Number of protein chains: 2
Amino acid sequence: MSITSDLIRGHTETIIMANLYNKDSYGYEINKAIQEASDGQYELKEATLYGAFRRLEDNGYIVSYWGDQTTGARRRYYHITDQGKIYFETSCKEWENAKKLIDKLIGIGGKGNE
Amino acid sequence: MSITSDLIRGHTETIIMANLYNKDSYGYEINKAIQEASDGQYELKEATLYGAFRRLEDNGYIVSYWGDQTTGARRRYYHITDQGKIYFETSCKEWENAKKLIDKLIGIGGKGNE
DNA sequence: AATATATACCTTGACAGGCGAGGTATCTAC
DNA sequence: GTAGATACCTCGCCTGTCAAGGTATATATT
């Protein structure tokens, strides 16, 4: 875990939504996917993850249902709504914008541009 | 103000440090510089700004002194320390790393890469 | 039979950063 | 005399994160 969560804060929901865009998934699986994609650099803490699900569902961006596992632990699956897709796409644009802005603001007086 | 502060959270200190890297400055001036650089998209709230100064000074990354204005409102100037320069440079590297990671995580299942 | 590990979910309480709202003081322009 | 710009500061709330705790099922080990 080498990324401080303050740098990811604000992207948690977007990252989750990315995992739900093309297929339904569940908490444990999403978190594993994030860990793998980041080569172990980052993982969501469970309390953070489930808190985010709660917010996303309250806002109508996802809906949930119980999987019909006949064996193993039960899974709560999440499905992205149309509103959720729009929210994700908007978030992506905001990220592109924020990225440029932060780059610029950090470059303001940075090393070697006196 | 079109950038939500959650996307900037975690970068506040780095942005301030960028403004202090090459010259001493003071709160009001730094905030104006940020507003201009972002074309009005972003500004630090005063409570946020002064809170960050406090943390940075407590951690030894900056030192402060009163300017000797003979006219106008008094200014508290901040000066970056050697430790502060290292902190800034480290933060920049972390940002480069986080940027790549977030790009990857948001791209996981995003639109059109089934 | 007991223990450990992996899967899978959930909640509570504390903490830290950001911010709204309030305050003080100086100077300029109308 | 009062409005606006400059310039600083603080209190208390809100929100997202996290450590720590809990529940339950299945498999592998001892």
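Reader: Which side chain of chain B has an N or O atom 3.2 Å from a phosphate oxygen of DNA strand C?
Author: Keep in mind that this is a predicted model. A polar contact is a pair of N or O atoms within 3.5 Å. The pair in question joins a phosphate oxygen of DNA strand C to a side-chain N or O atom at 3.2 Å, and the side chain belongs to Arg55(B).

Reader: And what does the side chain of Glu46(A) reach on DNA strand C?
Author: Compare two contacts here. Arg75(A) puts a polar side-chain atom 2.4 Å from a phosphate oxygen of DNA strand C. For Glu46(A), the distance is 2.7 Å, and the partner is a base nitrogen.

Reader: What share of the atoms of DNA strand C within 4 Å of the protein belongs to sugar or phosphate?
Author: Those atoms of DNA strand C are split between bases on one hand and sugar or phosphate on the other. Glu46(A) gives an example of a base contact, while Arg75(A) goes to a phosphate oxygen. The sugar or phosphate share is 73%.

Reader: Which residues come nearest to DNA strand C?
Author: There are 24 residues around this strand, and by class they divide into 8 nonpolar, 8 polar and 8 charged. Elements supplying at least two residues each are α3 (27–37), α4 (46–58) and β3 (76–80) of chain A, plus α4 (46–58) of chain B. Coming nearest are Tyr28(A), Glu46(A), Arg75(A), Arg76(A) and Thr12(B).

Reader: Over on DNA strand D, which side chain has an N or O atom 2.8 Å from a sugar or linking oxygen?
Author: Let's go through the polar contacts. Thr48(A) has a side-chain N or O atom 3.0 Å from a phosphate oxygen of DNA strand D, and Arg75(B) has a polar side-chain atom 2.4 Å from a phosphate oxygen of that strand. The sugar or linking oxygen is paired with the side chain of Arg9(A).

Reader: Which elements give two or more residues to the surface near DNA strand D?
Author: Around DNA strand D there are 23 residues, with Thr12(A), Tyr28(B), Glu46(B), Arg75(B) and Arg76(B) coming nearest. By class, this surface has 8 nonpolar, 6 polar and 9 charged residues. The elements giving two or more are α4 of chain A with α3 (27–37), α4 and β3 (76–80) of chain B.

Reader: What kind of axis relates chain A and chain B?
Author: A turn of 180 degrees and a shift of 0.0 Å along the axis lay chain B on chain A, with an RMSD of 0.0 Å. Such a relation is that of a two-fold axis.

Reader: What percentage of the contact residues of chain B recur in chain A?
Author: The turn laying chain B on chain A is 180 degrees. The same surface serves both copies, and the recurrence is 100%.

Reader: Which element gives the most to the lining of the largest pocket?
Author: This pocket has a volume of about 340 Å³. Its lining has 15 residues, with Asp6(A), Gly10(B), His11(B), Glu13(B) and Tyr87(B) nearest the centre. Elements supplying at least two are α1 (5–8) of chain A and α2 (12–20), α4 and α5 (82–107) of chain B. With 4 residues, the one that gives the most is α5(B).

Reader: How many charged residues are in the lining of the second largest pocket?
Author: This pocket holds about 280 Å³ of space. Its lining has 16 residues, with Gly10(A), Glu13(A), Tyr87(A), Asp6(B) and Leu7(B) nearest the centre, and α5(A) gives the most, with 5 residues. By class the lining has 4 nonpolar and 7 polar residues, while the charged ones number 5.

Methods: Residues numbered from 1 in each chain as written. Chains lettered and ligands numbered in written order. Predicted model: local features only at pLDDT ≥ 70, side-chain atom pairs only at ≥ 80, totals over all residues. Heavy atoms only, no water. Near = heavy atom within 4 Å. Polar contact = N/O pair within 3.5 Å; in protein donor to acceptor, adjacent residues only side chain to side chain. Nonpolar A, V, L, I, M, F, W, Y, C, P; charged D, E, K, R; others polar. Least-squares fit on C-alpha atoms with pLDDT ≥ 70 in both. Contact = heavy atoms within 4.5 Å. 1 Å grid on protein atoms, 1.4 Å probe; cavity = no way out; pocket = protein on both sides within 12 Å on 5 of 7 lines; lining within 4 Å. Points joined across faces, edges and corners; volume = space filled by probe spheres on them.
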